[in-house]
Amino acid sequence: MKRTILSVIYFLVIVAVITSCNSSNTKNTDNSTVVNDRKWWKEAVVYQIYPRSFKDSDGDGVGDLKGIIAKLDYLKSLGIDAIWLNPIYSSPNDDNGYDISDYRNIMKEFGTMEDFNALLKGMHERGIKLVMDLVVNHSSDEHEWFKQSRSSRTNPYRNYYHWWNAEKGTPSPRYSLFDINHDAWKYDSLTNAYYLHYFSRKQPDLNWENPKLRTEVYDIMKFWLDKGIDGFRMDAFQFVAKDTTFPIFPLGYEKDFIKYYGMVNPIHDYLKEMHKEVFSKYDVMSVAEGAGNSFEDAHNLVDADRNELNMAYAFDAVDIAKPEGYSVVKLKEIFTKWDSAFAQKGWLSVYLANHDQARMVSRFGNDAPEFRELSSKMLSTFLMTMRGTPYYYNGDELGMTNIRFENIEDYKDMPTLNEYQHQKNIGGDIKHFMETIKFGCRDNGRTPFQWDSSFNAGFTTGTPWIKVNPNYNTINAAAQEKDNNSCLNYFRQLTRLRKENLALVYGKYTILDKSNTDVYAYTREMDGKKLLVILNFKSTLSTVTTGIDVSKAKVLLSNYSVPGNNTKLRPYEAVVYELQ
Ligand code: GLC
């Protein structure tokens with residue numbers, strides 16, 4: 001069961017990186033110059049689109065590029081600056097596009113290269129930048145490189161992947177996140193050898209030690225950057241470098257596999273080379289999924305003077321949400337710790353959800369009808385008022401919730417289905433497993449976007465690839481457009497607030513009433529401007545002691561229409577003050 005939880009939890013994690021632009025310095029109120037230069041990707045709100053579930057234009061039940069094009073004005077209206085698009089390249093879809101069979105083509109279900117060009121143009125016309133997923137820890141086993149590689153031991157592509165010849169004996173164990181048996185080595189009788197796959201058997205790991213492979217990757221990056229895209233989110237990047245002597249790890253290593261697999265040497269040499277060959281030639285951003293095991297690892301990835309990446313995202317905050325709840329003090333500690341580690345150097349990303357996790361409001365808020373809107377707005381307030389680049393997941397602006405499938409047949413996520421099979425094979429506690437995935441499975445975050453109250457929430461005229469959440473009759477964009485107090489309109493106010501207050505991007509962060517178990521309160525200050533943010537993370541009346549007199553302060557935004565009491569907060573109350 002521990003392994004189950006590990007695999008499920010892995011998805012309850014992830015983060016980001018991107019690249020550069022104009023430069024000028026910004027000052028803190030304490031008059032120390034912030035070392036962080038101004039950059040577009042620091043000031044951007046990044047909105048993530050899961051294309052498979054966003055909008056279907058042709059009735060095949062799968063979202064597509066033309067669907068996104070049809071919604072460009074909606075996206076513009078959100079006030080976001082950049083879109084991170086999950087993989088749209090050719091793929092047999094073992095892992096919904098994270099298994100790429102052709103890096104220079106568009107997945108048939110999603111459309112054509114012409115559609116892509118039109119999408120990019122439409123975004124740029126609206127001042128929205130495009131960040132694409134770069135999945136190069138592994139490819140699909142249906143990629144031509146792998147087909148060649150497995151065909152013979154002497155094939156020129158053999159060294160594009162990691163092979164272990166069987167006459168050397170069985171390779172030392174490696175943990176696979178997605179495999180039914182958690183075994184990352186798959187025996188292939190064709191050449192009597194094992195290949196390595198940290199994810200599924202259909203996702204063989206690429207061999208970054210091979211300079212030819214690295215050159216191929218840089219060429220692929222340039223292919224897309226030359227089309228004018230604005231950056232890459234680098235999938236599972238902390239795993240690309242491997243100790244190819246494959247030493248034996250101590251028993252139980254899989255419980256802490258990132259310690260063994262993450263940020264192995266010479267990852268920084270690869271990144272420096274990638275920077276020189278690719279990133280240095282473009283004004284784009286880069287964000288890595290995974291920030292290693294320590295602040296030192298994270299700094300080594302993102303500090304500007306190292307010329308590697310712009311940002312990374314760590315998993316520890318998203319990991320704390322559990323079916324039984326989570327500690328608000330712990331959440332505050334994690335965000336505060338990361339903020340202070342990057343206050344002077346490097347840059348952070350801030351997020352609570354993405355395509356690898358269940359819905360933000362169901363995990364960190366409260367999706368009961370009386371609290372869903374309030375808690376969703378409160379969490380959005382948090383994301384939009386912290387230092388760092390916020391990554392905001394599509395549908396969260398509506399307060400979309402977990403679907404909580406009862407039957408395994410309704411789940412589509414390959415690792416979840418594999419883990420279900422694994423649990424059956426080992427006689428695991430299936431009832432417990434089903435409960436775990438109702439809360440944490442990433443399919444909860446992948447149900448179709450709820451556009452309106454028409455058939456299938458307006459997502460498709462066909463049969464959706466995954467069921468639509470039945471609550472679309474009440475939770476949908478069309479209804480929220482008409483309601484000034486909706487989550488959607490509140491999110492628009494938040495993006496505006498962030499744009500109008502640079503202190504929310506760069507300003508010094510100071511936590512208040514640290515040990516308060518219910519309320520998260522902090523100030524953000526810069527150039528003489530001071531904002532106070534107070535967030536009640538609980539469904540009860542909660543007390544906070546900030547020591548700040550707000551009698552003369554201006555309320556910039558609140559999720560309650562009637563002003564409250566600044567020390568006694570109503571359920572999930574969120575208030576942003578400008579202090580005088
Ligand atoms: C990353 C992606 C996830 C994918 C995995 C394998 O964690 O975010 O969706 O399944 O990599 O590519």
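**Figure 1. Strands β16 and β17 form an antiparallel pair in this predicted model.** Five bridges join β16 to strand β17, which covers residues 519–526. One position along the pair can be followed residue by residue: L512 has A521 of β17 as its bridge partner. The pair belongs to an open sheet of five strands, in the order β16-β17-β18-β22-β20, with antiparallel pairing. At the edges of this sheet stand β16 (508–512) and β20 (554–558); each has a single partner strand, so one side of each is left without a neighbour in the sheet. From one strand to the next, the twist averages 20°.

**Figure 2. Another open sheet is built from three strands.** Its order is β8-β10-β9, and the pairing is antiparallel. The edge positions are held by β8 (163–165) and β9 (185–188); because each has a single partner strand, one side of each is left without a neighbour in the sheet. The twist here averages 30° from one strand to the next.

**Figure 3. The hairpin of β9 and β10 has four residues between its strands.** Strand β10 takes in residues 193–196, and four bridges connect it to β9 in the antiparallel sense. Across the pair, Y187 stands opposite Y194 in β10. Likewise, D188 stands opposite A193 in β10. What sign does phi have at N192 in this hairpin? The phi of N192 is positive, near 50°.

**Figure 4. The largest cavity of the model encloses about 170 Å³ of space.** A total of 16 residues line this cavity, and the closest to its centre are F335, W338, L348, S349 and V350. Which element gives the most to the lining of the largest cavity? That element is α11, with four residues. At least two lining residues come from each of β13 (311–313), α11 (328–341) and β14 (349–350). By residue class, the lining of the largest cavity divides into 12 nonpolar residues, one polar residue and three charged residues. Counting cavities of 30 Å³ or more, the structure holds nine.

**Figure 5. The peptide bond from N265 to P266 is cis.** The omega angle of this bond is near 0°. Where is P266 found? P266 is in the loop between two helices, α8 (257–261) and α9 (267–277).

**Figure 6. N93 has a positive phi although it is not a glycine.** The phi value of N93 is about 65°. This residue lies in the loop between β5 and β6. Of the two strands that flank the loop, β5 covers 89–90 and β6 covers 102–106.

**Figure 7. The protein is divided into domain 1 and domain 2.** Domain 1 takes in 144–196, and domain 2 takes in 508–578. How far apart are the C-alpha centres of domain 1 and domain 2? They lie 55 Å apart. For the protein as a whole, the secondary structure comes to 18 helices and 22 strands. The C-alpha trace spans about 75 × 50 × 50 Å along its principal axes. With 580 residues, a compact globule would have a radius of gyration near 25 Å, and the 23 Å of this protein agrees with that.

Definitions and conventions
Residues numbered from 1 in each chain as written. Predicted model: local features only at pLDDT ≥ 70, side-chain atom pairs only at ≥ 80, totals over all residues. Heavy atoms only, no water. Domains from an automatic or database assignment. 1 Å grid on protein atoms, 1.4 Å probe; cavity = no way out; pocket = protein on both sides within 12 Å on 5 of 7 lines; lining within 4 Å. Points joined across faces, edges and corners; volume = space filled by probe spheres on them. Nonpolar A, V, L, I, M, F, W, Y, C, P; charged D, E, K, R; others polar. Pairing = 2+ DSSP bridges. Axes fitted to C-alpha atoms, helices over the stretch in contact; angles between N-to-C directions. Rg over C-alpha atoms; globule rule 2.2 N^0.38 Å.
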